[in-house]
Structures are given as C-alpha cells and as structure tokens.
Amino acid sequence: MSLSVRNARPADLPAILTVLEAARGIMAGSGNLSQWRSGYPAESDILCDIAGEGGFVVLEGDRIAAYFAFLPSPEPTYSIIYEGRWLDDTRPYHVIHRIASVPEVHGIFRTILDWCAARDGNLRIDTHRDNRIMQHCILSYGFRYCGIIHLANGDERLAYQMPELNSHNKEEYPPMHTAEHILNATMVRLFGCPRSRNAHIERKKSKCDYLLEACPTDEQVAQIERTVNEVIGRHLDVTVEFVPRAEAAAIVDLSKLPENVSETLRIVRVGDYDACACIGAHVRNTAEIGTFRILSHDFEDGRWRVRWKVTEP
Ligand SMILES: [Zn+2]
C-alpha cells in the first residue's frame with residue numbers, strides 16, 4: 001500500500017502515542033534499551049511539534065503508520081558538536097526528530113527522508129549510539145557522520161548531516177534555476193558540449209560557462225534563445241524523483257557530482273526535455289518561468305560565458 005505524509009493534527013495524538021509505544025518496542029527488541037525510556041517523546045513534545053506545524057504523520061491508507069518532526073534550524077542542541085564538526089555551519093537546515101513507526105510497514109524511513117529532502121536538501125539528524133537500525137538507515141540514505149551532540153539533559157547522541165549533492169546555489173530563484181536546466185540541455189543538444197561547469201544562478205541575472213571550440217555566431221546565439229523559449233512555451237511539468245545512484249547513472253551524467261555524493265539521487269526532469277541530478281528548488285511547470293533573454297556573452301580559451309535572465313511571465 002502506498003505511503004503518504006501529511007501534517008499531524010491534535011486529533012491524531014492517540015494514534016501517534018500508539019506508534020511511539022510500538023517504536024519503543026522495536027528499540028528494546030533490537031538491544032537499544034536506553035533510548036526513549038524516560039518518557040520521551042512526551043505528549044507535550046508531540047503537541048508542541050503540531051502547534052508549530054512541525055509534526056507529521058505517515059499514512060498507510062487511512063492508518064497512521066509513523067510519526068516524525070521536521071523543524072527548521074537552529075536546533076539549540078546542535079550549536080556545539082564534539083569530536084567532529086558539521087559539514088558546514090553557514091547554511092540554514094532542517095532537523096528531523098522523533099522518527100517512530102510501527103514495525104510491520106516497509107519503506108517508511110525512505111518515505112520520510114524523501115519527503116524531507118524534497119523540502120530542504122540540507123538535513124541534520126541524530127540518534128542514540130545503541131540505535132543500530134537508525135544508524136544504518138541514516139548512513140545508507142547518504143548522511144555523513146559528523147560528531148556527538150549533547151541533548152538538553154546531557155545525554156549524548158550521534159549526529160549526521162546530508163552532504164550537498166552538487167554545487168547549486170541554495171538561494172536560487174526557481175524560475176532561473178529551471179531555465180538553467182533547459183539552457184544546459186539546449187547547449188548539449190545544439191553543440192554537443194557538456195552542461196555548464198560553472199554556473200552562477202541569481203534572481204536578477206545569471207551566468208553559465210560552456211566549453212566550446214568556437215564562439216557561437218549571432219545566429220546560433222539567437223537560436224539558443226529561441227530554443228529555450230520554445231521549450232518554456234511547451235508548459236512542461238517539472239518533476240522530482242529519487243533513485244538509487246546505480247540507476248541514476250543510466251539517466252543522467254554523474255561525472256560532475258562530488259565524490260561523497262549520497263547513494264540516493266534526486267533527479268529533476270523538465271518534461272521529456274531534460275533530466276539532471278539536482279537538489280535545488282524548481283518551478284512546477286515551465287509556464288512559471290517567463291521569457292529567457294541572453295544579455296551578453298564572450299568567448300575566451302574555449303570557454304563561452306553567457307549572461308542571461310528571465311523576465312516575469
Ligand atoms: Zn539544478
């Protein structure tokens with residue numbers, strides 16, 4: 001049966017408490033005897049999550065099969081990390097807390113993480129040293145172990161962060177970012193060159209570098225602009241799917257991704273025109289992009305730099 005995620009409601013509380021009890025049973029059964037023993041998470045923790053719109057349930061059909069909290073940074077207990085360091089300490093992030101599920105449903109962790117990763121690529125999570133099951137799930141999803149954090153009561157937890165899947169600018173403006181994907185696909189199709197190796201995508205104006213043998217002629221530059229706008233005008237849906245790295249290799253070029261990339265990749269498709277591994281924010285349909293305009297370009301040593309923008313639809 002398919003799993004779905006929705007905001008938890010106060011009326012869900014009894015079902016959530018049942019899920020928490022089931023999760024305690026899973027922990028105890030796997031030798032994790034100390035986590036979640038002293039009344040944590042309490043009813044008040046769950047109600048606080050719900051009040052802040054940070055509590056979520058996973059439904060299997062109509063049944064609540066899991067609970068988790070998805071909360072924006074900063075997480076106070078993550079401000080100091082021992083015996084290690086976070087992958088970065090500059091970007092905002094989301095933290096996932098209180099993952100609990102009933103034992104008999106499969107794919108819950110993946111469903112929760114995919115849901116969270118689609119909302120923020122920069123995720124942090126922690127778990128108990130004795131919770132081998134969760135450690136395995138966290139690492140196999142692609143998180144990196146970062147160090148030890150202390151809870152408010154002084155207990156230690158192992159802490160993890162999701163590495164960046166690629167170098168996209170996080171402050172990006174979705175219409176510009178989707179336009180960049182279309183521009184990349186257009187350049188690959190028209191010139192047989194690689195996708196942009198060095199892109200700066202900003203709200204007002206962006207630039208991309210392509211490796212070309214010669215500077216495109218005025219007619220070719222006009223053709224690039226025309227083709228990108230023609231694709232935008234098709235009103236293509238932009239979709240996201242998560243696939244194991246091994247499968248992703250058949251769909252997209254992975255050679256540009258960093259070595260420490262996760263085992264699960266987020267593939268962004270622009271209709272059937274483009275597919276690219278990307279964690280960035282995109283429009284839902286190319287109709288939201290507007291009009292693509294090339295502002296200027298120059299060519300030097302096999303590098304063609306194009307500056308462009310999109311104007312509001
Ligand atoms: Zn992208």
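The expected span of a helix is taken here as 1.5 Å times one less than its number of residues. Helix α3 is a handy place to try this out: with 12 residues, α3 reaches 17 Å from its first C-alpha to its last, close to the 16 Å expected. The model in which this helix sits is a predicted one, and the paragraphs below work outward from the whole chain to a few single residues.

Taken as a whole, the protein has 313 residues, of which 35% are buried. Its secondary structure comes to 7 helices and 14 strands. Laid along the principal axes, the C-alpha atoms fill a box of roughly 70 × 45 × 35 Å. Of the contacts between residues at least 6 apart in sequence, 69% link residues at least 24 apart.

The chain splits into two domains, with domain 1 covering 3-161 and domain 2 covering 174-311. Their C-alpha centres are 35 Å apart. Where the two meet, 8 residues of domain 1 are in contact with 8 residues of domain 2. On the domain 1 side, α3 and α4 (132-141) are the elements that supply two or more residues, and the largest share, 3 residues, comes from α3. That side is a mixed bag, with 3 nonpolar, 3 polar and 2 charged residues.

Now for the sheet. Here 7 strands line up in the order β1-β2-β3-β4-β5-β7-β6, forming an open sheet with mixed pairing. Strands β1 (3-7) and β6 (144-150) stand at the edges with a single partner strand each, so one side of each has no neighbour in the sheet. On average, neighbouring strands are turned by 30 degrees against each other, direction ignored. At the β6 edge, the partner is β7 (residues 156-161), and the two pair in the antiparallel sense over 6 bridges. Within this pair, I149 stands opposite R157 in β7.

Helices lie across the sheet as well. Helix α1 (residues 13-29) lies across β2 (55-60), β3 (63-72) and β4 (94-101), and runs at about 90 degrees to β3. Helix α3 (residues 108-119) lies across β1, β2, β3, β4 and β5 (123-127), at about 35 degrees to β3. Several residues of α3 are buried, namely I108, F109, T111, I112, L113, C116 and A117. An α-helix has 3.6 residues a turn, so residues three or four places apart point the same way.

Two single residues round off the picture. L158 is found in strand β7. Is L158 buried or exposed? It is buried, because 20 other C-beta atoms lie within 10 Å, and 20 is enough to meet the cut-off for a buried residue. Leaving aside neighbours within four places in sequence, L158 is in contact with D126, T127, R129, Q135, Y145 and I148. One of these partners, R129, is 29 residues away along the chain, yet its C-alpha atom is separated from that of L158 by 6.2 Å.

D130, by contrast, sits in the loop between β5 and α4. D130 is partly exposed, since it has 15 other C-beta atoms within 10 Å. Not counting residues up to four places away in sequence, D130 touches G31, N32, S34 and Q35. The C-alpha atoms of D130 and N32 are separated by 5.0 Å, although the two residues are 98 apart along the chain.

Terms used: Residues numbered from 1 in each chain as written. Predicted model: local features only at pLDDT ≥ 70, side-chain atom pairs only at ≥ 80, totals over all residues. Pairing = 2+ DSSP bridges. Helix = DSSP H or I, 4+ residues; strand = E, 2+ residues; numbered from the N terminus. Axes fitted to C-alpha atoms, helices over the stretch in contact; angles between N-to-C directions. Contact = placed C-beta atoms within 7 Å. Buried ≥ 20, exposed ≤ 12 C-beta atoms within 10 Å, placed from the backbone. Domains from an automatic or database assignment. Nonpolar A, V, L, I, M, F, W, Y, C, P; charged D, E, K, R; others polar.
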